[in-house]
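Hi,

Here is the model I promised to pass on. Have a look at it first, and then read my notes underneath.

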Amino acid sequence: MALHVQILVGLLAGVAAGVTANLSGADGLRAALVGLEPVGSAFIRLITMIVVPLVVSSIIVGVSSLGDLKRLGRIGGKAVGYYLFTTVAAIVLGLALANLVKPGSRIDAATRDALAEQFASEAAAQSQRAHQAPALKDTLLGIIPRNPVRAAADFELLPLIFFSVVFGAAVGQLRGESQRTVIQFFSGVSDAAAVLIGWIMRLAPYAVFVLIAAVVARFGFDLLGSLLVYAVTVLVGLALHQFVTLALLVRLLARLDPRDFFRRTAAVQLFAFTTSSSNATLPLTLETAERRLGIPKSIAGFVLPLGATVNMNGTALYQAIAVMFIAQIYGAPMDLAAQLTIVVTATLAAIGAAGVPAAGIITLIIVLESVGLGGRIESGIALILGVDRILDMSRTIVNVIGDLTCAAFVAHSEGELST
C-alpha cells in the first residue's frame with residue numbers, strides 16, 4: 001500500500017476515534033487518546049532528528065554541484081523572487097476574502113468575551129513570547145552564525161542554511177581530490193539520512209492516528225459555531241491559494257499538470273497536515289521532490305530547506321484574515337493604508353516564522369502591533385485560539401506545497417526537471 005494511502009487511513013481512523021470520544025462523552029476514551037499523544041510526539045522528534053544532518057548535507061552537496069557561483073545566484077534569485085510573489089499573493093487573497101465575508105461582524109459581544117476569557121492565559125503566554133523576539137537588525141545579523149555547530153544544536157535553521165550555502169559554494173570552487181572527498185562525505189551523510197527516513201516513515205500511519213485522535217478528542221465543539229465563519233474563511237482562502245494560485249503557477253512556470261502534481265505530493269500534504277510543521281515535513285518533502293517530481297538534488301537540496309525557513313504562504317494568508325477578523329470584532333477601522341501595512345508586515349513576519357506548530361500565532365502578534373491593535377493582542381489572540389490548531393494544520397499544507405511548486409519552477413527554468 002502506498003505511503004500516502006497508509007497515512008490517509010491513519011488520519012481518518014484518528015479522526016473517527018477522536019469524534020467518537022467527543023460525541024459519546026466517554027471520558028475514559030478521551031483520556032486514553034490524549035494520553036497516547038506522547039507516542040506521536042516521539043515520532044515527530046524522530047523525524048525532526050534527521051532535519052539538521054539532512055539540511056546541511058543536501059545544501060552542501062547541492063550548492064557545490066552547481067559549481068558556478070553565477071548559477072547559484074541565479075537559482076537563489078529565482079527562489080526568493082518566487083517566494084516573495086506567492087506570499088504577497090496569499091496575503092492579498094486573504095484580505096480580499098476578509099473584506100468580502102467580514103467574519104468578525106458575525107460574533108456578538110457576549111460570545112466574544114466568553115472566548116477571550118476561556119483562552120486568556122494561553123494568549124498571554126503567546127504574547128509574552130512574541131515580545132521577547134529580537135529586533136529586526138538582530139534578526140538580520142543572526143542569519144550569520146558565530147558558531148554553526150551551536151546553530152545546529154539550537155535548531156536555528158536560517159543561520160545553518162546560510163553557513164551551508166557559503167560552505168557549499170566554497171567546496172564548488174575546489175578542484176581534484178579535495179572537492180571529491182568533501183562531496184563524497186556529505187553525499188554519504190545524505191544517503192544515510194535517507195535510509196533513516198525510510199525506517200522512521202514506516203511508523204507514520206500509527207503516529208498520524210495518535211496525533212489526530214488526540215487533537216480531535218481534546219478539541220471542543222461548544223464554541224466552534226461562533227468561530228465557524230472565520231475558520232471557513234481561512235480554509236477557503238487556503239484552498240483557493242493552493243488549487244488556483246499555486247496550481248496556475250505549476251501549469252505556467254513548471255509546465256506540469258496540477259492534478260498530477262498534487263497526486264504525487266499527496267503523502268507530503270497529509271504529513272504536513274498531521275505534524276503542523278514545515279521543518280518536520282522537510283525530509284519527506286526532499287524525498288518526494290527528487291523521487292516523485294524529478295527535481296534534481298542540486299536544486300531541491302537548496303530551494304526546499306530555504307523554503308521551509310522563509311516561505312510561509314499559508315501562514316501569511318491566515319494572518320491577513322486573522323488581523324481583519326480581530327479588527328472587525330472590535331470595530332477598528334482598516335483603511336487602505338492599514339491593509340497595505342498588513343501586506344508588508346505579514347510578508348516580513350511570514351518570512352521570519354519558524355516552521356513549527358503555532359509559529360503563526362507568534363508572528364500574528366507582530367502584525368497586530370503594526371496596525372495599531374497592540375491593545376487588543378491578548379484578547380484578540382484568545383478569540384482565535386480555539387480553532388487555531390486545525391487552521392495551523394491546514395496552513396502547513398499550503399506552506400509546504402508552496403516550497404515544492406517553487407522547486408519545480410526553478411528546476412524547469414534551468415532545464416533540469418525530469419518528469
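Valine 232 sits in helix 13, which covers residues 224-253. Its relative accessibility is 38%, so it counts as partly exposed. Keep in mind that this is a predicted model, so everything here is computed from predicted coordinates.

Valine 236 is in helix 13 too. With a relative accessibility of 37%, valine 236 also falls in the partly exposed class, because that class runs from 20% to 50%. Both valines belong to a nonpolar surface patch, along with Leu228, Leu240, Phe243 and Val244. Taken together, the patch has about 480 Å² of accessible area. One more thing on valine 236: its C-alpha is 9.5 Å from that of glycine 94, although 142 residues separate the two in sequence.

Now for the overall picture. The protein chain has 21 helices and 0 strands. Of its 419 residues, 53% are buried. The chain exposes about 17,600 Å², and 65% of that comes from carbon and sulfur atoms. If you take the contacts with a sequence separation of 6 or more, 85% are between residues 24 or more positions apart.

I checked a couple of helices for length. Helix 5 runs over residues 69-101, and its 33 residues reach 48 Å from first C-alpha to last, close to the expected 48 Å at 1.5 Å a residue. Helix 18 covers residues 313-329, and there the ends are 25 Å apart; 17 residues at 1.5 Å each should span 24 Å, so the two values agree. Helix 18 is also mostly covered, with 16 of its 17 residues buried.

What happens to the backbone just after helix 18? Glycine 331 takes a positive phi there, about 70°. Something similar turns up after helix 5, where lysine 102 has a positive phi near 55°, and lysine 102 is not a glycine. This lysine is in the loop between helix 5 and helix 6 (109-118). Its relative accessible area is 43%, so lysine 102 is partly exposed.

Serine 276 is another non-glycine residue with a positive phi, near 55°. You'll find serine 276 in the loop between helix 15 (266-275) and helix 16 (278-291). Is serine 276 buried or exposed? Its relative accessible area is just 2%, so serine 276 is buried.

On to the charged side chains. The salt bridge count comes to 13. One of them pairs arginine 74 with glutamate 414, at 2.8 Å from N to O. This pair ties together distant parts of the chain: arginine 74 is in helix 5, glutamate 414 is in the segment after helix 21, and they are 340 residues apart. The two partners fall into separate accessibility classes: arginine 74 is partly exposed at 39%, whereas glutamate 414 is buried at 16%. Both are also part of a salt-bridge network that includes Arg71, Lys78 and Glu416.

Aspartate 257 is worth a look as well, since it shows up in two salt bridges. With arginine 251, the closest N and O atoms are 3.8 Å apart. With arginine 259, the corresponding distance is 3.6 Å. Aspartate 257 itself is partly exposed, at 28% relative accessibility. Arginine 251 is partly exposed at 41%, while arginine 259 is exposed at 68%.

Last one: aspartate 392, in helix 21 (residues 377-413). Why does aspartate 392 count as buried? Its relative accessibility is 5%, and buried means under 20%. The side chain of aspartate 392 makes a polar contact of 3.5 Å with the side chain of arginine 395.

That's it from me for now.

Cheers

Key: Residues numbered from 1 in each chain as written. Predicted model: local features only at pLDDT ≥ 70, side-chain atom pairs only at ≥ 80, totals over all residues. Heavy atoms only, no water. Helix = DSSP H or I, 4+ residues; strand = E, 2+ residues; numbered from the N terminus. Buried < 20%, exposed > 50% of the residue type's maximum accessible area, 1.4 Å probe, protein only. Polar contact = N/O pair within 3.5 Å; in protein donor to acceptor, adjacent residues only side chain to side chain. Patch = residues over 30% accessible without salt bridge, like charges linked within 9 Å, V, L, I, M, F, W, Y side chains within 5 Å. Areas by Shrake-Rupley, 256 points an atom, 1.4 Å probe, with all protein chains shown as cover. Salt bridge = Lys/Arg side-chain N within 4 Å of Asp/Glu carboxyl O. Expected span 1.5 Å × (residues − 1). Contact = heavy atoms within 4.5 Å.
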